[in-house]
Amino acid sequence: MQRLTARGFTLLETMVALAIMGIVLAAGVPSMSAWIFAGKAASASQFYAEGLALARGQALTHNSASRLVLLANPGKLLDWRVDICFPRP
């Protein structure tokens, strides 16, 4: 009769692997949160830069002044709209 060999991991091997994964995660989470924060900041600056570019374009198109109005938004970012200010007589 042939003896079947058991395959798998021992409890010690599993605990060592989990400990290594815990150390790697503990080192990686702070740098990942900084990376996410930098991405959000870049996204917000691009969002408002688009609004300013649109306001400038509208002012040049209509040969008048324009303004970027920030609106309250339920989310974390403020929303914006462009108002065209025609000169008064």
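Partly exposed here covers a relative accessible area between the cut-offs of 20% for buried and 50% for exposed. At 24% relative accessibility, Y48 therefore falls in the partly exposed class. Keep in mind, as you look around, that this is a predicted model. The tour below starts with helix α1, moves on to a small set of aromatic side chains, and ends at an aspartate in strand β2.

**Helix α1**

- Helix α1 runs over residues 11-62, which makes 52 residues, and at 1.5 Å a residue its expected span is 76 Å.
- The C-alpha atoms at the two ends of α1 lie 74 Å apart, so the model agrees with that expectation.
- There is a bend along the way: α1 turns by about 30° at G28, and the proline P30 follows within four residues.
- Among the residues of α1, A44, G51, A55 and A59 are buried.
- The partners of the buried residues of α1 are two strands, β1 (65-71) and β2 (79-85), against which they pack.
- In general, residues three or four places apart in an α-helix point the same way, because there are 3.6 residues to a turn.
- Just past the end of α1, N63 has a positive phi of about 50°.

**Aromatic side chains**

- A pair of aromatic rings is described by two values, the distance of the centres and the angle of the planes.
- The model holds two aromatic pairs.
- F47 and Y48 make an edge-to-face pair, because their planes stand at 70°, over the cut-off of 60 degrees; their ring centres are 5.2 Å apart.
- F47 and W80 make a tilted pair, with ring centres 5.9 Å apart and planes at 55°.
- This F47–W80 pair links distant parts of the chain, since F47 belongs to helix α1 and W80 to strand β2, 33 residues apart.
- How exposed is F47? With a relative accessible area of 25%, F47 is partly exposed.
- W80, in turn, counts as buried, at 18% relative accessibility.
- Taken together, F47, Y48 and W80 form one aromatic cluster.

**D83 in strand β2**

- Is D83, a residue of strand β2, buried or exposed? Its relative accessibility is 15%, so D83 counts as buried.
- The side chain of D83 is joined to the side chain of R81 by a polar contact of 3.0 Å.
- Setting aside neighbours within four places in sequence, D83 is in contact with A65, S66, R67 and V69.

Technical notes. Residues numbered from 1 in each chain as written. Predicted model: local features only at pLDDT ≥ 70, side-chain atom pairs only at ≥ 80, totals over all residues. Heavy atoms only, no water. Expected span 1.5 Å × (residues − 1). Bend = angle between axes of the 7 residues up to and from the residue. Buried < 20%, exposed > 50% of the residue type's maximum accessible area, 1.4 Å probe, protein only. Contact = heavy atoms within 4.5 Å. Phe/Tyr/Trp six-rings, centres within 6.5 Å; stacked < 30°, edge-to-face > 60°. Polar contact = N/O pair within 3.5 Å; in protein donor to acceptor, adjacent residues only side chain to side chain.
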